[in-house]
Amino acid sequence: MFYLPNIVLVVVLALLGIGIYCILISRNLIKIVVGLQIAVKGAFLALVLAGKLASQIDVGQSIALTVIVADTIVAVVALALAVQIRRKFGTLDVHALMSLRR
Amino acid sequence: MDAGRALLLLLLIPFAASPVIYLTGRLSVLRQGTGLWLARWFTLIVYLGMGLPLYTLGRYVLELGPVDLKIGRIVLQMDGLGLFLAVTVWLLSTLVTIFSFPYIRGEEDEEKYYALLPALSATMIGLGCTRDLFNLWVWFEAMAITSYLLVAFYHHQKGALEATVKYLVQSAVGSIMILHGISLVFARTMTLDLQEIPPLMADSGLFGLAAGALFVVGFGVKIALAPLHTWLPDAHSRAPSGISAMLSGVVIESGLVALLRALGTLSQASPAWGALLLGFGAINILIGNLMALRQEEVKRMLAYSSVAQVGYMLLGFGVAMSYGIADGAEGGFYHLFNHALMKGLAFLAVGAFLYALYITKGSHAPLMVSDLDGASKKYPLTAFALSIALLALGGLPPLAGFVSKWQIFVAGAEVRSTPLLWLIIFAGLNSVLSLGYYAPLINRMYRNQPSEVVQAGQPIAVLISLPLLILTLAIVAIGFFPGWMVPLNASAASSLLMAFGFR
Amino acid sequence: MTAGILLLTIFLPWAGALFVWLVGNDRPRLQHSLAVGFSVAGGVAGLALLALGSPDEMVVLSIGGAFGNFSFRPDGLGVFLATIATVIGSLAVIFSVDYMRHEAQLGRYYALVLFFIGSMSGLVLTGNLFLMFAFWEMTALCSYALISFYNDDPKAVAGGIKALVMTQLGGIGLLIGAILSYSYLGTVEINVLLDKAELLPSNVLGIMAFGFLIAAAAKSAQFPFQTWLPDAMEAPTPVSALIHAATMVNAGVYLLARFYPAFAGVPGWQEAVMVVGMLSALLAGLMALVATDLKRVLAYSTVSQLGYMVYAVGAGGVFASQFHLFSHAIFKALLFLGAGAVIHSAGTRDMREMGGLGKQMPFVRTVFVIGALALAGIPVLNGFWSKELVLEAGLQGGATWMFGVMLFTAGLTALYTFRCVWMVFWGEPHHPAHLHDAGPAMKTALAPLAFGTLFSWLLAGSFSHLLEKTLPYHDIHAVSLVEILEEVIFAPATWIALGVVALGVLTWVFRDSLRLWQEVFAGIGQTARQSFGFEWLNQAVVRTTIQVAEDLRNLHTGVLNWNVLAIALTLLVVVVILALGA
């Protein structure tokens, strides 16, 4: 039960769930980006765990590092967009971003 | 030229050129000079320069088989599928580059556009050549990030920002799902090599199913599987027209190729993938067509039509994956290629109208359907090109779309099962439905009374007309000589069928 | 040699289309001459092809796989229709020189007409189902584009899209048949399908047979797809004459005749074909009786006459149906072009605003009456002979009650034809201005058609020889002209039919003394005016689709949270489906 991979698995699922939940309920763009980040953290852990289970922890780690890099770029772009949106729309509420619909 | 070196060059040229283009452009902007032409033409030269290695690779792959390239621990392999994607991407990007010369001229950050375009193409070419599940994700993510930046090119426009944020968040959620899928596969098989995984995933039970579901939905966001398509009409309609063409013509299709590669690893885990794609295909066709039916904004309508067209590709691939029917895969790839031409042409032609009617006047207003009234009188070539693109999308002969749809339908019949026959009838009915929005648009363009916007329109630059002309001729030529593309499609199809264990 | 001329009938018009389009609308005179030149050259090639009929296949382009070989075959069925398409096509183009003078966008008009002529030749000459389907859709495309030629008129646009959608719906039937042929026989060659039809599983053959029937019905505006043809009358009149009377609408009949040997054995197919033909003939005849728009009357009568041909194919009378097709193409083109001349100078299509035009337009009146007499089935015009052959084939191959209905329709035809001629050329003049007779180009086009209407039946013997010689699967026996004439003259059915026709004529002559009957038929007339409810059905389908599309758009809320929720839910659904499947 308290075998390490199981604990990590629980944490992975929890992070993923919390992240997605955060994206679903937040109206603030920054919070949505934070939610994304939380969910991605789950993915890091999952990859490392997979590396461990595959007895190739080095591969798992290097993959996770690559993901961190890629994810940082995404976060940077997202936050830059958030800055622009704050400037143009005067708010970060995603419900204000509804000009494109139907 | 050695084939391995050609592959290296094909990827290296655009990646190396990208910063150079940016620096040349940036320097000329800083000096307030007129040196931006250098960046523009350099981009075009880069694409033309990629033509030679691509040609070498094409001959090699079609005649002798896959090309391998080893860089450190990373192995790249260009097989039929990779070649197919590379050709499609290269063709469309080159034309989009030419188109963009006048279209983007004078916009702020023009040099960034030209720097990002080759990078976007390179990520897609790389995506087709990967042999490693995780590398697939890296290329995929790199493609996504590049495309975010390009969609947000008009970053002073509220709409562009809104569209990019929606695109980014949804795409990122999908990408997280893919990562989880990769973890599952990796944990189970202890390898990431696309060709080693399949036998190890046999009898993997829930592992395989869960990984597959994560892949389908994760990549599905990028492919715009309904109902994951909501980002697509927004992003397509707010991006610069050249980028709309790229997004619709090759980016979402690259996502599809990535999904096919990823599902290939799970081919022995479950027989259900083909059926799943068939189901999504049917939903996509219906939702895409119905949503497009009443759109008032031209680019948005075309975007929804892409959702529907992806559905046709899915039908072809689904049949191939479930039943190993070569015509399904060939038809699917044929439609993918034709869609790049047709939707590329449609978006570029709409872009030409936008250029003549709005952009030359400093406006970034969207092109409404009613703006096109009587456009043919003033812009005969552009109106004709758009008509050809729309009719081809509607699947009318003698145009490209007809040919590939035919092959997909033939593949469906080859299964000899009643449900699939109904599916074909359903797809056929939807093709008819799609004419319900293509045809009125054409009728509008050929009215005698031009709209006020058209009357006040500016002339269209030659460099915009040139890609339109090339694409129009290509679409007609394929309609008359469907055999031209068969070798390329067949080799892509055999890669796919091999991955699913049918060859 | 033969192959070259065969391809000329397709590519001469196509080349003309390209040139006329490239010339541009700034030089209308050159456009007119180019169009006439190329279409007449195509017509000459078509006539030459008539002498070269053979059952041999000519492969032009070998592609293989799902596309088959691009092959053509100049057999009897094909060359006759190709000749009709190119010759009547060139006459329609000549007519257009007067009719379309001073119109805008001439290039588009001529390019599409010429493209249509070539495609129609291709459709009937090809020996490959893929190509046939392609040409089939090309003709539909031209038809759509020409119906909505006057794009500023919403009625024209609606009519064009309606025609396109309905023929495409039917096209799915052809598509299904063709791909099933590839699936089960491994080929899209038409003759292989005719040869090996018995080897197919019976249910597959049944699907193909009825798929083709649906396609034919949609293309030939037969029941229940008849509603698009009247709305197609928004097209310029030469187009109506060419596409919606003489050629494209015949493609359905051609399709049935072409594949008759393969499907004749399918249980219920022949009966279904006959019923479709009969219902179309009857309903359209009734609608023609109450219509007041000159072109619509002719359109309904086209549907009705096509019904005769379909009925004949169903009864096994392939020769009779093709012969009637031939006659009908000539006299209906004549009638339409004559109507075009009237409309061009009167400026209206409403027959109630015409009347007494005969004195002012003597030439048009003469040729129109010739056409009308042929349509009504009065001896010795071409329509008489072919209609009698159709009726006889029906009597031999089908139920007697159907024959009765067709007889009744023959009377109906005579009635509405006389009504139409009377309303336009005789009776009270309702048009104040002086009208000019047909122009020189119009006369050039009308005269050969009138001549053909009078004498084309003389070709019946050689036509049947050609069919026997070149159609290995159809089991047609050649008969000489004299035999055909004897057969028609000495058959009792002919005299009954003539009696009924006479009755129809008399009904019109004594219409004032038949008030009582008019009251009785008033109800039928009312429903006929509303297309027996089919128009309502079409509109209901369109309305529903649009409503669904509008409602669906509300699902695109534009709220990011909802979009992400859709992703999460889709994942859930996919997992559940996969788990249930496994």
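**Exercise 1. Charges over rings**

Find where the charged end of C:K219 sits, and which ring B:R416 lies over.

*Solution.* Start with the lysine in this predicted model. The charged end of C:K219 sits over the ring of C:W136, 4.9 Å from the ring centre. Now turn to the arginine. B:R416 lies over the face of C:Y184, and its distance from the ring centre is 4.2 Å.

**Exercise 2. Classifying two ring pairs**

Work out how the rings of B:W41 and B:F101 are arranged, then do likewise for C:F95 and C:Y99.

*Solution.* Step one sets the scene: over all chains, the structure holds 51 aromatic pairs. Step two takes B:W41 and B:F101, whose ring centres are 5.0 Å apart. Their planes stand at 65 degrees, and planes over 60 degrees apart count as edge-to-face, so this pair is edge-to-face.

Step three places the two residues along the chain. B:W41 belongs to helix α2 (residues 36-63) of chain B and B:F101 to helix α3 (residues 80-104) of chain B, so the pair ties together parts 60 residues apart in sequence. Step four checks exposure: B:W41 is partly exposed, with a relative accessible area of 40%, while B:F101 is buried, at 2%.

Step five turns to C:F95 and C:Y99. Their ring centres lie 6.0 Å apart and their planes meet at 25 degrees; under 30 degrees counts as stacked, so this pair is stacked. The two residues are four apart in helix α3 (residues 76-99) of chain C, a separation of about one helical turn. Both C:F95 and C:Y99 are buried.

**Exercise 3. Growing a pair into a cluster**

Which residues do ring pairs link into a cluster with B:W41 and B:F101?

*Solution.* Keep those two residues and add B:Y113, B:Y114, B:F153 and B:Y154; ring pairs link them into a cluster.

**Exercise 4. Reading a pocket lining**

Describe the second largest pocket, and say which elements give two or more residues to its lining.

*Solution.* Begin with the volume, about 1500 Å³. Next, look at the lining: it has 44 residues, and those nearest the pocket centre are B:G436, C:I161, C:V165, C:V542 and C:I546. Two or more residues come from each of α11 (273-293) and α17 (418-445) of chain B, and α6 (154-185) and α23 (534-553) of chain C. The largest share, 11 residues, is from α17(B).

Then sort the lining by character: 25 residues are nonpolar, eight polar and 11 charged. Finally, consider the domains of chain C. Domain 1 (2-527) and domain 2 (537-581) each supply at least three lining residues, and the C-alpha centres of these two domains lie 44 Å apart.

Key. Residues are numbered from 1 along each chain as its sequence is written. Chains are lettered from A and ligands numbered from 1 in the order in which they are written. This is a predicted model: local features need pLDDT of at least 70, side-chain atom pairs count only at pLDDT 80 or more; totals for chains, interfaces and linings use all residues. Side-chain values use heavy atoms; hydrogens and water are left out. On a 1 Å grid over the protein atoms alone, a cavity is a set of points where a 1.4 Å probe fits but cannot get out, and a pocket is an open set with protein on both sides within 12 Å along at least five of seven lines; lining residues have an atom within 4 Å of a point. Grid points are joined across faces, edges and corners, and a volume is the space filled by probe spheres set on the points. Ala, Val, Leu, Ile, Met, Phe, Trp, Tyr, Cys and Pro count as nonpolar, Asp, Glu, Lys and Arg as charged, and the others, Gly among them, as polar. Domain bounds come from an automatic or database domain assignment. Rings of Phe, Tyr and Trp (its six-membered ring) pair if their centres lie within 6.5 Å; planes under 30 degrees apart count as stacked, over 60 as edge-to-face and the rest as tilted. Buried means under 20% relative accessible area, exposed over 50%, partly exposed in between (1.4 Å probe, protein chains only). A charge sits over a ring if NZ of Lys or CZ of Arg is within 6 Å of the ring centre and within 35 degrees of the ring normal.
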